[in-house]
Amino acid sequence: MIPRWASTAILLGLLLLVILLGRFAPEPGTVAEVPYTSFKALLAERTVDRIVLRGDDVEGHLVQPRALKGTLAPVERFRTRVPAFGDPELLPALEKAGVEVAVEPAKETGGWGVLAALVPWFLLLGFYFWFWQRMYRNLTGGVGGVGGLDKFLRRGAKSEAGKRSEVTFADVAGQESAKREVAELVDFLRNPERYRRLGADVPHGILLMGPPGTGKTLLARALAGEAGVPFFSISASEFIEVFVGVGASRVRNLFEDAKKNQPSILFIDELDSIGRVRGTGLGGGHDEREQTLNQILAELDGFSGHEAVIVLAATNRPDVLDPALLRPGRFDRHIVLELPDRKAREEILRVHTRKVPLAKDVDLAQIAAGTPGFSGADLKNLVNEAAMMAARENAVEVSGRHIIEMRERVMMGAVRSLAIQPDERHRLAVHEAGHTTVAHFLAHADPLLKVTIIPRGRTLGSTQQLPVEERYTLPEEYLRDRLAVILGGRAAERIVLGSVSSGADDDIRQATALARAMVSRWGMSEEVGPVDVRESEEHPFLGREIAQPRRTSEFTSHAVDQAVRALLLEAEDRATQAIREHESGFGRLIAEIEAEETLERMAIEGCLGAPRERQRVRRASVA
Ligand code: ATP
């Protein structure tokens, strides 16, 4: 098949050729169009044999063929027009040149002339229609007609009807409460008749909410697998096409398919991409999206209550969804999936290492402890990357080293080989030793995992801490110690080297953001008190903070700035004090970091002694 660009180019080339040939290469016997002045010059040269006058048109015959202005090949005949104001000298000049003159009536511009003028336009229009037809046919799957259009309208729905989903609840690790809620529906899907007989209305719309990679799709598949029913899935973004109305039509077809195959599960991923609040004009609101959303609402309303179809939708952003989607009768049951805690992470690792040969030194519990904040998808990726690394090294099993290396790469980026000068390296060691010493001796700081001055990703060195237990709220004393640890690097540079460096750039940014949150959001300053004075809000549609009109007085803003500054200065003082109190251990630590580049917890304790007994952070809870 000729590619579309080639056929277009051929057509355009042909058109161009016809135009050029007509202009520059008249065949012998064709008529050349010449200016009136050229005609007068030909008369003067006595090269004109005879002319025919038709109104203002002059058709001349040359004595012998010759090339004229604007022609490439010699011509015998030419054509010109006498100026509208007439030329009294023409007849004497013709007589003088001995030209035979014939006069004929002027030609009527007939239908042919009009047609000839219209031909290029017809060609252009024809080309336009041909082009659009091709494009439409390509979009409709090359079939054209109703079959192709139908295929196009149904495109995107990945129907796994007929096939039983292989996934079961055993493949979903952790997420116990979400699994429990979903499990209630298994019985309904297996045995809808029993529920129908008793007139029970089972919820049709279930919204799975949670951060990316927490297993929302996996849970929906597991429900289909457990119940042994067909699974229809589509990503909401696939509803939207260039043609208005296609999204709504796809929604209709998808619901139709699911109803035809009931009992079944219909899964709509990324619901927020079309289900955002309507009419805000933000987030690219346009008619097609709203029309599609309206169709989903209509389909959800269209259930008579007895269909054995369960519509599951997933979103990371329930806060931006249109309230109409969430009202009773639509997506009224909400199931929240959280980032996994330590125990759940261990279970997820167990699921994903089922088929991976692990070395004896791999302790999944320890890996789970060292991966706070990782989602199920992150953990799956970690195991996969470690297996890839082991395969690259031709190892027979995946060892703890592979997993730890990959964990660091995922968290901080790959190792960079930079030519670091000795004095800069010393400053780096001092900086990291500062963070480490403060973290080691402050009572509420997280325990240390390791310290390194090997550059990775965007950092030149790092001090890693590992929380003893998962926290859902952060108490003030923990946050104050956290500020001191962050500013400990800068404090150490000032103590040892007498100056600070730009290396503390990110530390200062982090510390300021944390201190500002403590003051303006969490009411942790006496001067400002429990007042919400945040200046910006994370914007749901932009996914980032944008400045809002100020809602606080000049006086309050000043007080906030003062309180933030006071918190940071106090934290820096505490960091300086902690380092000065343990100066000898701190000195040993700098030397050891410079010598070894990376120190684990035991080596750190070897330099600094036993850590201050850690205060167990009481779980703070807000009523
Ligand atoms: P998104 O919001 O980005 O669409 P999601 O919440 O739908 O993400 P899934 O696509 O279900 O996440 O998960 C991605 C992968 O992570 C899955 O293929 C699965 O292997 C793994 N995973 C996530 N959570 C779990 C879990 N609880 N147990 C086992 N594997 C999990």
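1. Residue K260 belongs to helix α9, which spans residues 246-260. In this predicted model, K260 has a relative accessible area of 62%. Because the threshold for an exposed residue is over 50%, K260 counts as exposed. Its C-alpha atom is separated by 9.8 Å from that of E307, a residue 47 positions away along the chain.

2. The overall composition may be taken next. The protein contains 21 helices and 16 strands. It has 623 residues, of which 41% count as buried. Its accessible surface comes to about 34,100 Å², and carbon and sulfur atoms account for 56% of that area.

3. On the contacts within the chain, the separation along the sequence deserves mention. Among contacts in the protein with a separation of 6 or more, 74% are between residues 24 or more positions apart.

4. One sheet is built from five strands. The sheet is open, its strands follow the order β1-β4-β3-β2-β5, and the pairing is mixed. Strands β1 (31-33) and β5 (100-104) stand at the edges; each has a single partner strand, so one side of each is left without a neighbour in the sheet. From one strand to the next, the twist averages 25°.

5. Within this five-strand sheet, the pairing of β3 with β4 can be described in detail. Strand β3 covers residues 57-66 and strand β4 covers residues 75-81; the two pair in the antiparallel sense over six bridges. One residue pair serves as an example: V58 has T80 in β4 as its bridge partner. Helix α2 (residues 36-44) packs on the sheet, where it touches β2 (48-54), β3 and β4. The direction of helix α2 makes about 125° with that of β4.

6. As general background, strands of a sheet pair through backbone hydrogen bonds, and they do so either parallel or antiparallel. A further sheet in this model has antiparallel pairing: it is open, with three strands in the order β13-β12-β16. The edge strands are β13 (462-465) and β16 (598-600), and each of them pairs on one side only. Here the twist averages 10° from one strand to the next.

7. The pairing of β12 with β13 in the three-strand sheet also merits a note. Strand β12 (residues 448-452) pairs with β13 in the antiparallel sense over four bridges. The bridge partner of L448 in β13 is Q465. Helix α21, made up of residues 601-608, packs on this sheet and touches β12 and β16. Its direction makes about 90° with that of β16.

8. The surroundings of the ligand are the next topic. In the model, 18 residues surround the ligand, and the closest of them are A173, K216, T217, L218 and H352.

9. Oxygen atoms of the ligand take part in several polar contacts. For T217, a polar side-chain atom lies 2.6 Å from an oxygen atom of the ligand. For N316, an N or O atom in the side chain is 3.0 Å from a ligand oxygen atom. In the case of A377, a polar backbone atom is 3.3 Å from an oxygen atom of the ligand. On its own, the ligand has 630 Å² of accessible area, and the protein covers 81% of this.

Key:
Residues numbered from 1 in each chain as written. Predicted model: local features only at pLDDT ≥ 70, side-chain atom pairs only at ≥ 80, totals over all residues. Heavy atoms only, no water. Pairing = 2+ DSSP bridges. Axes fitted to C-alpha atoms, helices over the stretch in contact; angles between N-to-C directions. Contact = heavy atoms within 4.5 Å. Near = heavy atom within 4 Å. Polar contact = N/O pair within 3.5 Å; in protein donor to acceptor, adjacent residues only side chain to side chain. Areas by Shrake-Rupley, 256 points an atom, 1.4 Å probe, with all protein chains shown as cover. Buried < 20%, exposed > 50% of the residue type's maximum accessible area, 1.4 Å probe, protein only.
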